[in-house]
Amino acid sequence: VFKSLQALLYLFVLIICDEDTSTNNSMNLIESRGTIITVESLGLPVGAGLGSSAAFSVSAAGAFLEFSMGPSSDDTCQVDSSVVNGGTVRRPSEERLLLINDWSFLSEKMLHGNPSGLDNTTSTFGGAISYVREPKSITRLDTFPQLHLMLVNTNVPRETSKLVANVGQLRSQHPNVINSIFTVIQNVVDDFQKEIEIWLEETKNNNDADDDADDEALHEKILCSKMSSLIQINQGLLSSISVSHPALDTICNISMKHGCASKLTGAGGGG
C-alpha cells in the first residue's frame, strides 16, 4: 500500500504541478479546493501477476494528464462504455497514449524496481502486443485472434520486485546460462507469433476458396496443438530460472492431465 501511495503521489506532483503540462486553471483548482483521488478495481485481482499495478499506474497517469492538459481523444475510436460506468469514453490520441505509457513506466519502476515495461504498455494500448525491451519496440498485433483462456488463482502472494531481483542475481552468477534461456524464451515468443500469422493466412485462403468448416476446424486444431507445446516449453524455461512455485506446478500438472497447456502469469512465484 505504501508503494502504491508513493507512486500515486509521485505522478500527481510531477504531472499536476509541472508548469510544462499543467494549465493555470487546473493549478488554481488544486490550490483552492484540494483534490480527492478515488481508485477502484473492477474485479482485477491485486498482486496476482495480471498487471493490476500497471492498470493502476496507467489509470493514474491518464487521469492526471487529462486534468492538467485537458482531454485528448481519437474521435475515430470510441471505447466500449459498458466497462466504464456506462459513460461515453473515447480512446486518447496516439500522442497522449505514448505520454501515458512513459509516465506509467516511471510509476512501475517505483513499484517494482526494474520492470520490463510490458504490463504498462499492454494496459495503455490494449489488445495483443509484441514488446521488446532492448532495443525498445512496440508492435500491435491487430489481427491477433481471440483466445479462450482460463485463469486459476493460486492465492499465493508474491512480490514482483523480489522475483525480478532474484532473477537478476541468478543472471549475475550464471550470465551465459541465463542469457541463453532468455534467448530461447524469445524464440518461443517468435514461434508463437509466427504460428498465429500462418494460421491467419490459411484461414484467409480457406475463406477465399470457400473451403468447408471441417478444414477450418482442422487448421485451428493444429494451431492449438502447436501453441500448447510452446506454452509448456515456456513454463519449463520460466521454472528453470526459479520463478515458478509448487502451487503453480500443481496447476500445470492437473491441467495437462485434462489436455490443457498452462504457464504462470506475470513474474510468477504464485499469483
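A salt bridge here is a side-chain nitrogen of Lys or Arg within 4 Å of a carboxyl oxygen of Asp or Glu. Keep that rule handy for the exercises below, and bear in mind that this is a predicted model.

**Exercise 1. Salt bridges**

Work out how many salt bridges the rule gives, and see what lysine 3, glutamate 159 and lysine 162 do in them.

Solution, step by step:

- Start with the total: by this rule, the count is four salt bridges.
- Now take lysine 3. Its side chain meets that of glutamate 159 in a salt bridge, 3.5 Å from N to O.
- Place the two partners. Lysine 3 is in helix α1, while glutamate 159 is in the loop between β4 (137-140) and α6 (160-173), so this pair ties together parts that are 156 residues apart in sequence.
- Look at how covered they are. Lysine 3 has 34% relative accessibility, so it counts as partly exposed. Glutamate 159 is partly exposed too, with a relative accessible area of 34%.
- Glutamate 159 also forms a salt bridge with lysine 162, where the closest N and O atoms are 3.8 Å apart. Lysine 162 is exposed, because its relative accessible area of 53% is over 50%.
- Next, go to another pair: the side chains of glutamate 195 and lysine 226 meet in a salt bridge of 3.5 Å, N to O. This pair links distant parts of the chain, with glutamate 195 in helix α7 (residues 175-208) and lysine 226 in helix α8 (residues 213-240), 31 residues apart.
- Check the cover on this pair. Glutamate 195 is at 18% relative accessibility, so it counts as buried, whereas lysine 226, at 37%, counts as partly exposed.
- Finally, put shared partners together: Lys3, Glu159 and Lys162 are joined into one network by their salt bridges.

**Exercise 2. Cysteines**

Find how many disulfides the whole structure has, then sort cysteine 224 and cysteine 252 into buried or partly exposed.

Solution, step by step:

- Recall the bond first: a disulfide is a covalent bond between the sulfur atoms of two cysteines.
- Search the whole structure, and you get zero disulfides.
- Cysteine 224 has 40% relative accessibility, so it counts as partly exposed.
- Cysteine 252 is at 9%, and that makes it buried, because buried means under 20%.

**Exercise 3. The overall layout**

Which elements does the protein have, and in what order do they run from the N terminus?

Solution, step by step:

- Count the elements: there are nine helices and four strands.
- Walk along from the N terminus, and the order is α-α-α-β-β-α-α-β-β-α-α-α-α.
- Add the contacts. Among those with a separation of 6 or more, 63% are between residues 24 or more positions apart.
- Then the cover: of the 271 residues in the protein, 32% are buried.
- Last, the outside. The accessible surface comes to about 16,800 Å², and 55% of this belongs to carbon and sulfur atoms.

**Exercise 4. Inside the protein**

Describe the largest nonpolar core, and then have a look at serine 57.

Solution, step by step:

- The largest nonpolar core has 17 residues, and Ile181, Leu238, Ile241 and Val243 have the most contacts inside it.
- Ask where its residues come from. Helices α7 and α8 each supply at least two of them, and α7 gives the largest share, with seven residues.
- Zoom in on valine 243. Beyond its neighbours within four places in sequence, valine 243 is in contact with Val167, Leu238, Leu248, Leu264, Ala267, Gly268 and Gly269.
- Apart from this core lies another one, of 13 residues, including Leu8, Leu11, Ala60 and Phe64.
- Now for serine 57, which sits in helix α3 (residues 52-69). Its relative accessibility is 0%, so serine 57 counts as buried.
- Leaving out residues up to four places away in sequence, serine 57 touches Leu11, Ser104, Ser107, Glu108 and Leu111.

**Exercise 5. A patch on the surface**

Which residues make the nonpolar surface patch of about 240 Å²?

Solution, step by step:

- The patch is made by Leu9, Val13 and Leu14.
- Pick out valine 13, which is found in helix α1 (residues 2-16).
- At 39% relative accessibility, valine 13 counts as partly exposed. That fits with its place in the patch, because patches are made of residues with over 30% relative accessible area.

Definitions and conventions
Residues are numbered from 1 along each chain as its sequence is written. This is a predicted model: local features need pLDDT of at least 70, side-chain atom pairs count only at pLDDT 80 or more; totals for chains, interfaces and linings use all residues. Side-chain values use heavy atoms; hydrogens and water are left out. Patches are made of residues with over 30% relative accessible area and no salt bridge: like charges are joined within 9 Å, nonpolar side chains (Val, Leu, Ile, Met, Phe, Trp, Tyr) within 5 Å. Accessible areas come from the Shrake-Rupley method with a 1.4 Å probe; for residues, only the protein chains shown count as cover. Helices (H or I, at least four residues) and strands (E, at least two) are DSSP runs, numbered from the N terminus. Buried means under 20% relative accessible area, exposed over 50%, partly exposed in between (1.4 Å probe, protein chains only). A disulfide is a pair of cysteine sulfur atoms within 2.5 Å. Contact means heavy atoms within 4.5 Å. A nonpolar core is a set of buried Ala, Val, Leu, Ile, Met, Phe, Trp, Tyr and Cys residues joined through side-chain atoms within 4.5 Å.
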